[in-house]
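Here is a short, friendly briefing to read alongside the model. Please keep the viewer open as you go through the points.

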Amino acid sequence: MSSEKVVLSVDGLCAWYGAAQVLFDVQLEVRRGEVIALMGRNGAGKSTTFKGIMGMLARQQGNVRFLGHDISRRAPHDIARLGLGFVPEDRRIFTDLTVMENLEVGRLPARDWDHGEALKWNPEQLFELFPNLGEMPERLGGRMSGGEQQMLTVARTLMGNPYLVLLDEPSEGVAPLIVEQMSNMILELKRKGISILLSEQNMHFAELVSDRAYVLEKGQIRYEGPMADLVSNDQVRRDYLGV
Ligand SMILES: Nc1ncnc2c1ncn2[C@@H]1O[C@H](COP(=O)(O)OP(=O)(O)OP(=O)(O)O)[C@@H](O)[C@H]1O
């Protein structure tokens with residue numbers, strides 16, 4: 001994959017819950033090694049966009065392409081197997097399994113990367129990325145703090161060796177130390193060439209890690225551009241983000 005390669009493209013994504021339309025022609029693109037922030041207030045449609053990309057909505061239309069595959073009509077597990085990892089907002093770890101066992105559940109075969117290099121995570125590498133988890137490999141999921149569970153969810157997704165990770169609100173409701181580990185982790189993934197699409201309400205966190213941003217309001221993309229431009233654009237921030 002060249003560095004300019006488009007990994008994910010979403011075109012004309014529309015979605016409904018019952019009769020209510022909540023996404024209107026959402027269009028976005030993620031290239032290799034990019035960190036993209038999908039921003040917007042509560043209810044703007046960030047989580048729904050992620051679910052739409054993963055083919056998890058009962059009613060949606062539009063085109064979603066991942067590494068040249070049309071994934072618009074594929075099942076979520078098929079999409080994950082192509083190398084698209086999804087970390088949902090609600091932490092879905094197994095509470096009666098240990099950290100190590102939770103990681104094993106996420107394991108998928110290694111993937112080819114450029115020039116013969118393989119993309120293949122193991123628990124030891126993940127413990128370097130998430131030092132907190134490394135201190136508790138035998139801890140039961142149910143006995144971890146919310147932030148530790150959040151990390152474990154990300155680590156388990158990485159065991160599937162994704163080329164792109166969708167991260168839904170990684171900084172929400174977690175302690176500052178864990179937020180810091182999250183941002184370091186994202187930058188380390190970027191260095192490896194892995195792409196990240198994250199949904200975020202926290203401008204400071206998004207600014208620390210993201211290259212570009214899209215802003216959603218009422219299910220529509222209202223702004224797209226370099227992260228630094230969004231940070232200095234008071235009007236967009238005020239109109240669509242309330243900050
Ligand atoms: N399961 C559902 N059934 C009906 N409406 C829903 C459902 N999930 C979300 N919605 C509605 O769809 C719209 C978009 O919600 P979504 O969760 O995608 O927003 P969000 O930007 O991710 O916000 P949040 O940060 O609160 O999760 C909102 O109006 C929300 O109330």
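The notes below cover confidence, the ligand's surroundings and the two sheets.

This is a predicted model, with an ipTM of 0.96 and a pTM of 0.94. Its protein chain has a mean pLDDT of 93, and 98% of the residues reach 70 or more.

**Around the ligand**

- Ten names are worth highlighting in your viewer: Tyr 17, Val 22, Gly 40, Asn 42, Gly 43, Ala 44, Gly 45, Lys 46, Ser 47 and Thr 48 surround the ligand.
- Which helix gives the most to this shell? Helix H1, spanning residues 46–53, does so with three residues.
- By character, the shell holds six polar residues, three nonpolar ones and one charged residue.

**The six-strand sheet**

- Six strands form an open sheet with mixed pairing, and their order is E6-E9-E10-E3-E11-E12.
- At its edges are strand E6 (84–87) and strand E12 (220–226), each of which pairs on one side only.
- On average, neighbouring strands of this sheet are turned by 15° against each other, with direction ignored.
- Strand E3 (residues 35–39) and strand E10 (residues 195–200) run parallel and are joined by five bridges.
- To find a matching pair of positions here, look at Leu 38, which stands opposite Ser 199 in E10.

**Helices lying across that sheet**

- Helix H6, made of residues 146–158, lies across E6 and strand E9 (164–168). Its direction is at about 170° to E6.
- Helix H10, made of residues 234–241, lies across E3, strand E11 (212–217) and E12. The angle between helix H10 and E11 is about 40°.

**The four-strand sheet**

- A further open sheet has four strands in the order E2-E1-E4-E5, and its pairing is antiparallel.
- Strand E2 (20–31) and strand E5 (69–70) stand at the edges with a single partner strand each, so one side of each has no neighbour in the sheet.
- How many bridges join strand E1 to strand E4? Seven bridges link E1 (residues 6–17) with E4 (residues 59–66), and the two strands run antiparallel.
- Within this pairing, Asp 11 has Asn 63 in E4 as its bridge partner.

Conventions. Residues numbered from 1 in each chain as written. Predicted model: local features only at pLDDT ≥ 70, side-chain atom pairs only at ≥ 80, totals over all residues. pLDDT = per-residue confidence, 0-100. Near = placed C-beta within 6 Å. Nonpolar A, V, L, I, M, F, W, Y, C, P; charged D, E, K, R; others polar. Pairing = 2+ DSSP bridges. Axes fitted to C-alpha atoms, helices over the stretch in contact; angles between N-to-C directions. Contact = placed C-beta atoms within 7 Å.
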